[in-house]
Amino acid sequence: MLEFEKNTWMCITSETSAAPPASGGGHACAGPAGRGAMRRRRRRRRRRRRRMGGGGSRASGRAERLPSACEEQLSGGEAALELTGRRLRRLPGPVCALRGLQKLYISGTGLRALPAEIEGLQELRILALDANRLEEVPEALCRLPRLTRLYLGGNRLLGLPADFARLRALRCLWLEGNYLYRFPRALLHMPALQSLQLGDNRLRALPAALPRMRGLRGLWLYGNRFEDFPPPLLRMAQLHILDLDRNRLAALPDLTPLRALRLFSYDHNPVEGPPRVADAVRVVGEGAREFLEAREERLQKRREHEAGPADALQARARNGSSVLGDGEGSCSALEGAPEET
């Protein structure tokens, strides 16, 4: 601060000989009030230059340079850039000029917007923008043809633009912790999307056209406002993971039609126990432990009842009483056989 005041005073004194008198007849630098007015005028000029695109100011010049640590990342030939945690008012211009960049991490930087020039990153595969202050997704971002993973959680998004469906290569999308009151319609036109994270939003219903998303394998809907189990989910037979934690569900339907389901989580809902599911499904929630223990006991009894001669031979081999000689190799073959489920 002392150095700043010293430099300011030197600039002021160098200009006083040519400066016109201040209004009221006093000199512009005749005292603390005059020096304060001069500093305010300089600040206003700097703000105007920044709004107009820099105008040669030292502050904007710094914004247009990559941090030295980032230059070191790129000097090693890496196609990835890590800016996470840096306080950025805007994305540095040189970043958008890195045409070969494939991975860009800008999480937790305080960004409120993205420049249109981000469209130039045509080779980008992974873009992390979570934990920022974005209120909308710019159309320029929707023109990244090779983007496969996009992380937008923890922002202030109310929806997605229609052009979002142009991200045909996208496979993984995280939108948790935003302000989505409705399921984004653009997603219904993205059948290749495999993983969709919509937790901690404000959803109350899902569109009837949801089964159009035939590629979807994981769907996270925890922390929303569902009071009834969304009927479209019963037609998502390809789902592997379904998470409905922390909603307001008082009842759960029969989920055996979801033949590909492997994990269903319903914890922190006002239900007393798990729904009916296929034997291959792991459940997480109220009463799940007792349910899984009872199911394992039932399946064990079934396996014992259905055990054939091969199983008996395998059991004897494990006890060291193999009937076949060591040179036959039959025991090792039996031990490597897949278990029944």
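This is a short tour of the model in your viewer, stop by stop.

**Before you start.** You are looking at a predicted model, in which local features need pLDDT of at least 70, side-chain atom pairs count only at pLDDT 80 or more, and totals for chains, interfaces and linings use all residues. Residues are numbered from 1 along each chain as its sequence is written, and side-chain values use heavy atoms, with hydrogens and water left out.

**Whole protein.** Colour by secondary structure and you should find 7 helices and 10 strands; these are DSSP runs numbered from the N terminus, with helices being H or I of at least four residues and strands E of at least two. Of the 341 residues, 37% are buried. Here buried means under 20% relative accessible area, exposed means over 50%, and partly exposed lies in between (1.4 Å probe, protein chains only). Switch on the surface next: the protein exposes about 19,900 Å², and carbon and sulfur atoms supply 50% of that. These areas come from the Shrake-Rupley method with a 1.4 Å probe, and for residues only the protein chains shown count as cover. Among contacts (heavy atoms within 4.5 Å) with a separation of 6 or more, 23% are between residues 24 or more positions apart.

**The sheet.** Now show the strands alone. They form an open sheet of 10 strands in the order 1-2-3-4-5-6-7-8-9-10, with parallel pairing; two strands pair if DSSP finds at least two bridges between them. Select 80-82 and 282-284: these are strand 1 and strand 10, which stand at the edges with a single partner strand each, so one side of each has no neighbour in the sheet. From one strand to the next, the twist averages 5°, an angle between N-to-C directions that runs from 0 to 180 degrees, with axes being lines fitted to C-alpha atoms.

Zoom in on residues 263-265, which are strand 9; 3 bridges join strand 9 to strand 10, and the two run parallel. Leu263 stands opposite Arg282 in strand 10.

**Helix 5.** Select 288-306. Helix 5 has 19 residues and reaches 27 Å from first C-alpha to last, close to the 27 Å expected at 1.5 Å a residue; the expected span is 1.5 Å times one less than the number of residues. Which residues of helix 5 are buried? They are Ala288, Arg295 and Leu299. These residues cover an arc of only 35° around the axis, which puts them on the same side of helix 5; the arc is that of the directions from the helix axis to the C-beta atoms. Strand 10 is included in what covers the buried residues of helix 5. Turn to the face away from the buried side to find the exposed residues Arg289, Glu290, Lys301, Glu304 and His305.

**Arg149.** Go to strand 4 (residues 149-151), where you will find Arg149. Arg149 is partly exposed, at a relative accessible area of 41%. Leaving aside neighbours within four places in sequence, Arg149 is in contact with Arg125, Ile126, Leu127, Leu170 and Cys172. Try a distance label too: Arg149 and Leu124 are 25 residues apart in sequence and 9.5 Å apart in space, C-alpha to C-alpha.

**Two loop residues.** Most residues other than glycine have a negative phi. Select Asp200, in the loop between strand 6 (195-197) and strand 7 (218-220): its phi is positive, near 55°, and Asp200 is partly exposed at 32% relative accessible area. Finish at Arg246, in the loop between strand 8 (241-243) and strand 9. Arg246 has a positive phi of about 55° and counts as partly exposed at 40% relative accessibility.
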